[in-house]
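Here's a quick tour of the fold, starting from the inside and working out to the sheets. Keep the viewer open as you read.

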Amino acid sequence: MSELNLINLVQKTILSEHVCLDLNAQEIALDVSVIEKKFLFANDSNKICLDLDFKDDLISMQTGYYVGIDWLIPNQWVVHIPPKVDKADKQTDYLSMLFTCMKDKEIARYIKRLCDINFSKPDIEVDSRDDLLTPFLVAQFMNLMRVIVQKGLKKSYYKVEKNLVNKAKGKILVSKTLNTNFVKQRKNKIFCEYEEFGINNLENRVLKKALIFAQSYLKQFPLNVQEMAGIFNFVSPAFELVDDDVDIATIKNVKTNTFFKEYPEAINLAKLILRRFGYNLQNIEGLKHNYRVPPFWIDMPLLFELYVYRLLKSKFGDAVQYQVIGKRNQPDFLIVTEHEKIILDAKYKTKYTDDFVNDDIRQLSGYARDIKILRRLGIDESLLDQVVIDCIIIYIDQEAYAEIPNDLKMTPIEDFVKFYKVPISIPTF
């Protein structure tokens, strides 16, 4: 059954926050009862990717700030939401943003929250340009592999089977010895099973296999080639003594010791990459322009938030505090120095170029009155009800500089006391 990309029907008006589609005008036969009405990120009711409302012959669509591809009707209708800030001649280079975040180990811990994949639904055929998922997974995986190699591969005991000559070790595999050696008159050889200690354990073999898949994918679709190639050249020598002979059933059931804190996430990403290609390397090598991906959503506001976090840390270092929990609020950032007490929020919006959003102003005003946050800012207890805190909104403006300015309070938001806005541009290609 053919797939229909809804974004083509509305001629990309779905990029706006709210659109309506006239089904009669499009001459579409549609049973609305089987359409999925609401798409949530990670089943979080506060994170709406897409909300559909049907009235008469109209579909009203409210989109969030998430990008992805999903089924409206399995195997029939597809919805594709690209980044809202994209323009015809400039597309968001989210991988550059991702790599920027990954350069900071503390920030890299939050990257696993960026993607929501649904393997319970059928895969969707997409053009390679619309596959945001695979390079996203590969980039995360390669970064974790770099961290693991820097710390040293995990060593542990693991079982091996070998056909030993003139000696026995561990458990003798009688049946295998008889069938493989004795019937062929190799009476000096014995198949044995025993334990060895080293890096050729199951976890590292799964990582090695996923590494081979990642390398093959990067040869087919070389995004951020220089960055990826550098990581791969650093990582691959560490796995020279690790085998990649591991079957599908073993991959699906592999577990790891949480003592090695990067391993659980790396193993999970390895499973996702291998599953993404059906555990078959030929599925990568045979890719052309169209191939299949599971439905997925990427949290662009969080990616922008982490990207801003990295820029702020590069500028202000340890003075930046992230996601401080107040009594009832949680601002994105605080900057606390001897001379500065600032609350900042990153907004994945372009509206602030010539306007502002009242709800955002109210939100930051609430942060600036939260007693616990004021204490974290170092405000004297006797002055809690007298101090007006500087509040800053960082937003997207592709005409602005790509770095955080030294003076965060250059551009006040008119009509409000101690409210400022800071534009930054994000990477594009």
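Which residues have the most contacts inside the largest nonpolar core? They are Phe 141 and Leu 207, in a core of 93 residues. A nonpolar core here is a set of buried Ala, Val, Leu, Ile, Met, Phe, Trp, Tyr and Cys residues joined through side-chain atoms within 4.5 Å, and buried means under 20% relative accessible area, with a 1.4 Å probe and protein chains only.

Before going on, note that this is a predicted model, where local features need pLDDT of at least 70, side-chain atom pairs count only at pLDDT 80 or more, and totals for chains, interfaces and linings use all residues. Residues are numbered from 1 along each chain as its sequence is written, and side-chain values use heavy atoms, with hydrogens and water left out.

**The cores**

Helix H5 (residues 133-151) gives the 93-residue core its largest share, eleven residues. Helices (H or I, at least four residues) and strands (E, at least two) are DSSP runs, numbered from the N terminus. Leaving aside residues up to four places away in sequence, Leu 207 touches Phe 141, Met 145, Ile 148, Phe 239, Tyr 263, Ala 266, Ile 267 and Ala 270; contact means heavy atoms within 4.5 Å. Another core, of 20 residues, lies apart from that one and includes Val 324, Ile 343, Ala 368 and Leu 377.

Over the whole chain, 49% of the 429 residues are buried. Of the contacts between residues at least 6 apart in sequence, 73% join residues at least 24 apart.

**Helices and cysteines**

The chain has 14 helices and 19 strands. Helix H3 (residues 94-102) is mostly covered, with nine of its nine residues buried; Leu 98, Phe 99 and Cys 101 are among them.

Helix H10 (residues 262-276) has 15 residues and should span 21 Å at 1.5 Å a residue, and its end C-alpha atoms are indeed 21 Å apart. That expected span is 1.5 Å times one less than the number of residues. The buried residues of H10 include Tyr 263, Ala 266, Ile 267 and Ala 270. Just after H10, Gly 278 takes a positive phi of about 65°.

How many disulfides does the structure hold? Zero, taking a disulfide as a pair of cysteine sulfur atoms within 2.5 Å. Cys 49 counts as buried because its relative accessible area is 0%, and Cys 391 is buried too, at 1%.

**The sheets**

Two strands pair if DSSP finds at least two bridges between them. Here are two open sheets side by side:

| Strand order | Pairing | Edge strands |
|---|---|---|
| S15-S16-S17-S18-S19 | mixed | S15 (320-322), S19 (419-424) |
| S10-S12-S11 | antiparallel | S10 (156-165), S11 (171-172) |

In the five-strand sheet, neighbouring strands are turned by 25° against each other on average, direction ignored. Axes are lines fitted to C-alpha atoms, for helices over the stretch in contact, and angles run from 0 to 180 degrees between N-to-C directions. S15 and S16 (residues 333-336) run antiparallel, joined by three bridges, and Gln 321 has Leu 334 as its bridge partner in S16.

Helix H12 (residues 300-316) lies across S15, S16, S17, S18 and S19, at about 155° to S15. Helix H13 (residues 358-367) packs on this sheet as well, touching S17, S18 and S19, and its direction makes about 145° with that of S17.

In the three-strand sheet, ten bridges link S10 and S12 (residues 189-198) in the antiparallel sense. Glu 161 has Glu 193 as its bridge partner in S12.

Methods:
Buried < 20%, exposed > 50% of the residue type's maximum accessible area, 1.4 Å probe, protein only.
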